[in-house]
Structures are given as C-alpha cells and as structure tokens.
Amino acid sequence: MKRILFVDDESKILDGIRRMLHTERARWDLQFAVGGEAALKACEVGTFDVVISDMRMPGMDGATLLGHIRDRYPSTARIILSGYSEVALATRAVPVAHRFLTKPCNAADLQSTIERVCTLQELLCAPEIQKVVGSVGELPSLSRTYHDLTRVVGDPNTSINDVADVIGHDVAMSAKVLQLVNSAFFGLAQTVTSLKSAVSYLGMQTIKNLALTTETFRVFTPDPRVPVSVCEAIQQHSYSVAAIAPTLPVDSKSRDLTIVAALLHDVGRLVLASKMPDVFSSILAMVHERKCEPFEAEQELLATTHAEIGAYLLGLWGVPPLASEAIAHHHHPTRIPHSGFDVSLAVYVADLLVHELEAHPDDATGAKLRESDRATLEKLGLWGEYAGFRRIAKEGGK
C-alpha cells in the first residue's frame with residue numbers, strides 16, 4: 001500500500017482532501033500534516049512514497065519542505081499545490097518538485113498524478129535498473145558550462161543576458177543550441193542568430209534542456225566495437241521523432257517539453273553503446289536474427305530497456321520529470337493513466353510513426369502495423385486517429 005502525505009497549514013483544506021479521496025483508502029495509506037514541521041516529524045516516523053504540499057505556508061513553505069524531503073528521502077515523489085496567483089512563488093519549487101498541481105484540484109487530476117509519479121518511481125527504483133546502472137560504472141561528467149547554466153537558470157534574479165553569456169563561453173554548445181533552435185522542431189517565423197534571441201523566444205528552461213541534449217550526444221560516444229553509423233542512426237531517429245511529436249495534438253503549453261523528450265527518448269541506447277558495448281552488440285544481433293524491436297531484445301537480455309535506463313540517467317541530470325516519464329514509458333504508454341494527449345503519448349506516437357514510415361512508407365492506413373502496436377493504440381483510444389497522425393507526419397506537419 002502506497003503511503004501518501006498531504007501537507008497544508010489549514011486543517012479545513014486537509015479535511016476536504018480527506019473527503020475527496022475517501023474511496024482510495026483501500027489502496028493508499030493517506031496521512032495528513034498541518035504545516036512543514038509536522039510533515040518532517042511524520043516522515044521521521046515512517047517514510048512516504050509521495051508528499052503533496054501546499055506552496056504558501058507560514059514558517060516553512062512548500063518549496064523549503066520539499067527541499068528537506070529531497071535531501072533526506074530522495075526516493076519520495078514530491079508534488080506542489082499552488083494557486084494561480086502564486087506562479088512566481090511556485091518557481092522556487094522547480095528544483096525540488098516532481099509535479100505541480102493548480103488549486104483547486106479535482107479528485108481525478110489528483111488521483112492520476114499520484115498514480116503516475118508512483119509508477120515512475122517504482123520503475124526507476126527497480127533492482128533491474130540498479131543492476132544495469134551498476135554495470136555501466138562511472139557516468140561521464142557534464143561540462144562546466146552546463147553546470148553553470150543550471151545554476152543561473154535556478155536563480156530567480158537571472159536575466160536573459162546572463163543565460164546567453166554562459167552558453168556563449170562554449171563555442172560548440174552555442175552552435176548546437178542555435179542549430180536546434182532554428183530547426184523545424186520549433187517552427188520559428190525567422191532565423192535566430194543570437195543566443196539572447198534564442199533565450200527570449202523559447203525561455204530559459206527550454207534552452208537549458210536543449211543544452212542538455214547537446215551534452216548528452218557529446219558525452220555518450222560509441223565504443224570502438226560499435227559502428228559509428230549505428231549511433232548516428234539513433235541520433236537521426238531522435239531528430240525525426242522530435243520533428244513529428246510537436247505536430248501532434250499535444251497541449252501548446254507542453255510543446256517545447258515534448259520536443260526535448262523526443263530528442264532524448266533513445267538516450268538509453270547511447271548509454272548501452274558507450275558503456276556496455278558487448279551487450280549492445282548482442283542486442284543488435286538478436287534484433288537482426290529475430291526481426292524484433294531493440295527494446296524487446298533488451299528486456300530479454302537485461303530485464304529492462306533503454307527507455308528506463310535513459311529516464312533514470314536523465315532524472316539524475318535534472319531533466320524535467322514529465323520528460324523523464326515520457327522517455328520511460330515510450331514503448332509502454334499504457335502503464336500510466338492519461339488525461340488528454342499528453343507529452344508521453346506524443347513521444348510514443350511520434351516514435352511509432354517514424355519507425356512505421358521507415359518500414360512501410362506506402363501504407364496509408366497503418367494496416368501493416370504490428371498487432372501489438374495496434375492493440376496499444378486501441379487501448380489508448382487512438383487507433384481511429386492514427387491514419388490522420390500518419391498523414392500529418394508524412395506531410396511534414398502540414
């Protein structure tokens with residue numbers, strides 16, 4: 001039974017949540033704490049799978065509380081509840097919260113969010129993942145530029161010029177970020193020639209995430225035993241998925257995050273090619289011999305897949321949790337509930353479209369899809385829309 005802790009400085013708010021979720025008592029152990037100090041004491045008595053805190057509380061606010069939870073109980077999922085008028089205040093919680101919910105929050109959204117964060121935490125804490133990560137050994141370090149960028153983006157007093165100056169000191173990163181900004185992914189009306197303009201158009205968080213994308217492709221160079229062409233194909237596939245994903249009916253507010261998740265969705269394959277080349281070669285051989293998908297061969301050989309491996313790594317590197325979630329589930333989207341066409345569905349469908357268009361470019365309806373893929377689309381309620389998605393993808397998003 002999952003243990004969930006709700007924190008607010010008003011008892012009436014907690015009583016309302018208790019009533020709203022009373023039907024979940026059979027599967028969730030729901031606990032309630034009035035204020036941050038009481039919440040920390042509750043955690044000392046017994047750890048929780050999820051802590052959901054109000055943002056604005058006297059004494060210890062939600063961001064401070066979740067910072068303590070992160071440091072003391074890193075495996076606990078952390079969610080912030082904030083009102084519409086608290087947007088500026090809630091930005092303080094960006095480094096410590098896995099999810100943000102806006103008050104008032106209905107029962108369905110609250111239940112769905114709890115289920116999704118629990119599923120991701122279970123997945124990434126599984127012993128199979130830990131075993132593979134242990135075999136990988138020491139992960140490569142990100143550059144000083146990226147660490148400086150993370151620091152300035154996290155500072156509420158940072159300006160657009162500050163972010164542009166940090167990236168500008170790294171010529172290679174500057175060139176790659178501008179290349180990505182001017183790609184078809186974002187569909188900007190004019191060519192962006194300066195980093196300041198790039199930050200202004202897309203925002204600091206998106207620019208930071210694009211910088212992480214360039215870093216990831218840089219640090220995971222293939223082992224000499226793995227053909228360079230294989231890793232180039234992985235990277236090109238990621239670009240293709242990133243070109244299609246934002247043309248799908250994803251919420252406009254999630255569009256930039258969708259592009260980042262699509263660019264990074266196969267990073268786990270690069271990890272294996274770089275750090276476990278013998279295993280990666282065995283995976284390629286099995287794919288060739290059995291005509292199966294790489295993730296199916298990985299599951300048989302490693303008891304996990306590149307999707308979970310990539311999400312685990314990117315979580316350590318600070319990728320937004322919604323992007324990590326999309327990456328973790330991009331071969332198994334039915335593991336989590338969906339409210340509308342979200343980031344996870346956009347990455348899953350775009351990845352499926354790229355693979356299918358490469359294999360069957362003349363199949364206008366998706367009739368040659370694997371039965372398992374069609375079954376997944378039907379379960380998600382998307383099979384009826386797939387032909388339309390395919391047409392959009394083939395026409396380049398028009």
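## Exercises on a predicted model

The lining of the second largest pocket is made up of ten nonpolar, ten polar and ten charged residues. The structure is a predicted model, and the exercises below begin with this pocket.

**Exercise 1.** Describe the second largest pocket by its volume, by the residues closest to its centre and by the elements that line it.

*Solution.* Begin with the volume, which is about 690 Å³. Next, turn to the 30 residues of the lining, among which E293, F295, H331, D351 and H355 are the closest to the centre of the pocket. Then ask which elements give two or more residues to this lining, and you will find helix 12 (228-244), helix 16 (294-302), helix 19 (343-359) and helix 20 (371-380). Finally, look for the largest share, which is that of helix 19 with seven residues.

**Exercise 2.** Work out the order of the strands in the open sheet, and explain why strand 2 and strand 5 each have one side without a neighbour.

*Solution.* The secondary structure of the protein consists of 21 helices and five strands. Five strands form the open sheet, where they follow the order 2-1-3-4-5 and pair in parallel. Strand 2 (28-34) and strand 5 (99-102) stand at the edges and have a single partner strand each, so one side of each has no neighbour in the sheet. On average, neighbouring strands of this sheet are turned by 20° against each other, if direction is ignored.

For a closer look at one pair, take strand 1 (residues 2-8), which runs parallel to strand 2 and is joined to it by seven bridges; D8, for example, has V34 in strand 2 as its bridge partner. Helix 3 (residues 62-72) lies across strand 1, strand 3 (50-54) and strand 4 (77-82), and it runs at about 180° to strand 4.

**Exercise 3.** Find which residues line the second largest cavity, and sort them by class.

*Solution.* A search of the whole structure gives two cavities of 30 Å³ or more, and the second largest has a volume of about 30 Å³. Its lining consists of F6, V7, D8, I13, L14, I17, I52, S53, D54 and L81. Sorted by class, the lining has seven nonpolar residues, one polar and two charged. Strand 1, helix 1 (11-20) and strand 3 each supply at least two of the lining residues.

**Exercise 4.** Decide whether the radius of gyration agrees or disagrees with that of a compact globule.

*Solution.* For 398 residues, a compact globule would have a radius of gyration near 21 Å, and the protein has 22 Å, so the two agree.

Technical notes:
Residues are numbered from 1 along each chain as its sequence is written. This is a predicted model: local features need pLDDT of at least 70, side-chain atom pairs count only at pLDDT 80 or more; totals for chains, interfaces and linings use all residues. Side-chain values use heavy atoms; hydrogens and water are left out. Two strands pair if DSSP finds at least two bridges between them. Helices (H or I, at least four residues) and strands (E, at least two) are DSSP runs, numbered from the N terminus. Axes are lines fitted to C-alpha atoms, for helices over the stretch in contact, and angles run from 0 to 180 degrees between N-to-C directions. Contact means heavy atoms within 4.5 Å. On a 1 Å grid over the protein atoms alone, a cavity is a set of points where a 1.4 Å probe fits but cannot get out, and a pocket is an open set with protein on both sides within 12 Å along at least five of seven lines; lining residues have an atom within 4 Å of a point. Grid points are joined across faces, edges and corners, and a volume is the space filled by probe spheres set on the points. Ala, Val, Leu, Ile, Met, Phe, Trp, Tyr, Cys and Pro count as nonpolar, Asp, Glu, Lys and Arg as charged, and the others, Gly among them, as polar. The radius of gyration is taken over C-alpha atoms; the globule rule is 2.2 Å times the number of residues to the power 0.38.
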